[in-house]
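Student: Please take me through the enclosed and open spaces of this protein, with a close look at what lines them.

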Amino acid sequence: MTVTVHEADISPQAISAVEEALRAFAKALRAVQLYLPNNPTRAQSIEQARQAFTRVWPLLSPLDIQVREASFTVEEQLVYQDVDRGTESLPWLLYRDGVRSLTFLPGFEAADLEAVLRLLHKARTATTDDDDLITMLWVADLTHVAYRYVESAGANDFVVSAGDRAGVAVQQPGELPLAVPPAETQAPGDGPPGLVRAEDFDSTLYFLDPREAAYLQEELKREYTEDQRRLVLASLFDIVELQPSADAQREALGVLDQLVLEFLTLGEYELVAFTLREAAITAKREHVSPDVQAGLRQLPARLSESAVVAQLLHALDESARTPVASLLEGLFAELRPSALEPLVSWLGAAASSPARAAIERASLRLAGANTAELAKLLESPREFVVRGALRLVAQLATPAAVPGLARLLRGPDVRLRAEAVAALSEIGSPSALQSLERALEDTDREVRVAAYRAIGARRHTGALPRLQDAIRRKETRGADLGEKMALFEAFGGMCGDAGVAELDGILNARGLLGAKETPEVRACAARALGLIGTKAAVAVLQKSADTKDVVVRSAVARAMRGGA
C-alpha cells in the first residue's frame, strides 16, 4: 500500500529511495548541462532518474521536499546535501530564487521530469535580465509539480499547486497580493513579469549597446579563464557509472588514472583530492563492473606508495612556490595510512624549507585519522622516521603513543629521550605522567631538567616521592644551578605544607662550622618555600631572613615577597 506523509512516519526504505532518486536527478541535471540532447549519456542519465522516481511512489506519495540552502529534507530528515559546490549546488539554485518546497506527484517522471531539468539548466545560465525560476515554472504550467516560494524580501509566502498557474497560487492570511496576478485579472495580451515580446524592442543603429557588449566581454573572459578540468573529470566518472559497457568503463578508468598522475606532477592537489573522493563514491555504485570498482579503490592506494609520496615531497621541496596547506590537507586526507611512514621520515630528515610548514600541517590531518599507525612508527629502527613521528605525536597529543614514548625513554639516543619527554608532557594523561617519572632518574642532564619542568607544569603529585629522593641524593649537590632550580621548583609547586620540614632542614640546618648546605642549595630551598607560600613556609623563611650569606638572604627576601 502506498504510504502518504500524513498517514505514518516515513520508513527507512522510503528515505533510501528518495535519496537515490535525488542523486539520480542531480546527475541527470549535470548531464543536461554537459551533453547535447542527442547524446546517449544524457539520455541514459535521464532514464535512470525516471526509474529512481518510479521506485519512490510505492513507498511515499506524494513526495514533499523542503528546500534548504545546501540540502533537501523530507519531514526534517536529510535526503540530499551538496556543501562542496557552494553556489553551484542544486539546492542553492532553488533556494536562491525563492523556492522553499517542492511536491512531486506520481507520474512526474514521465510527464514533467525533462521539463524541470531544462528549466533548472536555463535558470543556472540565466542573466539578470532573464526570467527567474519562479516565473519559468509558472509559464511551464507543470501538471505533476507543486511548489511553495517566497518573495525576495522574504515576507510573503505563496503556494502554487500542480497544474494550476492562475487561480491556485495561494496567498497566506494577512499577506500582500500575489506576485503574479490571476489570468482573469490580466489585460488581453499581458503576460507574466519578464515575458519578452518583439514589440518591446526598438530598432537601433547598433545591435549591442555598451552595457551588453561589456557583459559579453566578461562572459568570454570567464569562459576562457575557467578551469574546465573538473567538468572533464565529472564526465569521466559519469561514463564509468552510466555506461553499461565494461570496456568503456575500463577506458575511462585508465584516463582517470593517467590524469591523477599528471595533476600530481603539476601540483594540482585540489583536483587530485576531488578525483580520489569521487572515485570512492563511484566505486560503491552497483552498475560499475567489479574490476573497475577495484581499480577505483586502488587509486588512493597507488598514491600512498612510498615511492610516489617520496617523489611528491621532493617536488614540493624543490618547487619555487610555497604549497597551500589547505590544498595539501585535502589531498593527504584521501591517502591511506601507508603514506604516513614516508611523510614522517621526510619531516624527521628535512631541513627548514618554505614547504615544511605546509607539509607538516597537512600531515597532521592524516596522522590524526590514523593515530594507531602513527604510534607504530615510534618503534621504527630508522631514526628519521621516529623523529618525524615524535613531532606529530607532540602536536596531536594522542594517548595512543604513550607506550611507544615510554620505550623511547629507555633507549640510548639522548635527543630522542628529550623529545619523548616533551611529547609526554603535551599528552598529559595519567599514563603519560607516570612514564615521565622514569625520566627523573635519567643519566642525561637535559632529559632530567625537561622531566622536572614537565611534571611541575602538569602538577603531577604522584611524582613527589621521586622528587624528594632526588633532592636528598648527593648527586644533586654537584648539579648545576639550572637543574637544581628546576628540581626544587617542581617540588615546591606541589608539596604544600607536607614539604616544609624537608626544605627547613636544607635552608636552616647548621653544623659546627655553619650551614650544612651550600648557598646555591639553600637559595633553591628558599625558592621552593616561596612557591608553597603558606604561613608555615613563611615562618621557615623568616629564620634565615638575617643570614650573612648574600645569595641566601636575597633568595629569602624574594621568596617572602612572593609568599606575601
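Tutor: What follows goes from the closed spaces to the open one. The model is predicted, with local features needing pLDDT of at least 70 and side-chain atom pairs pLDDT 80 or more, while totals for chains, interfaces and linings use all residues. Residues are numbered from 1 along each chain as its sequence is written, and side-chain values use heavy atoms, without hydrogens or water.

The structure contains six cavities of 30 Å³ or more (on a 1 Å grid over the protein atoms alone, points where a 1.4 Å probe fits but cannot get out; volume is the space filled by probe spheres on points joined across faces, edges and corners). The largest cavity holds about 80 Å³, and its lining (residues with an atom within 4 Å of a point) includes Leu 22, Phe 25, Phe 53, Ile 65 and Phe 72. Helix H1 (12-34), helix H3 (90-96), strand S4 (99-104) and helix H5 (113-124) each give that lining at least two residues (DSSP runs, H or I of at least four residues for helices, E of at least two for strands). By class, this lining has 11 nonpolar residues, with no polar and no charged ones (Asp, Glu, Lys and Arg count as charged; Ala, Val, Leu, Ile, Met, Phe, Trp, Tyr, Cys and Pro as nonpolar; the others as polar).

The largest pocket (an open set with protein on both sides within 12 Å along at least five of seven lines) holds about 1700 Å³. Of its 47 lining residues, Arg 30, Asp 82, Arg 85, Glu 88 and Arg 230 are the closest to the centre. The elements that each supply at least two residues to this pocket's lining include H1, strand S3 (77-81), H3, H5, helix H7 (210-225) and helix H13 (325-332), and the lining divides into 15 nonpolar, 11 polar and 21 charged residues.
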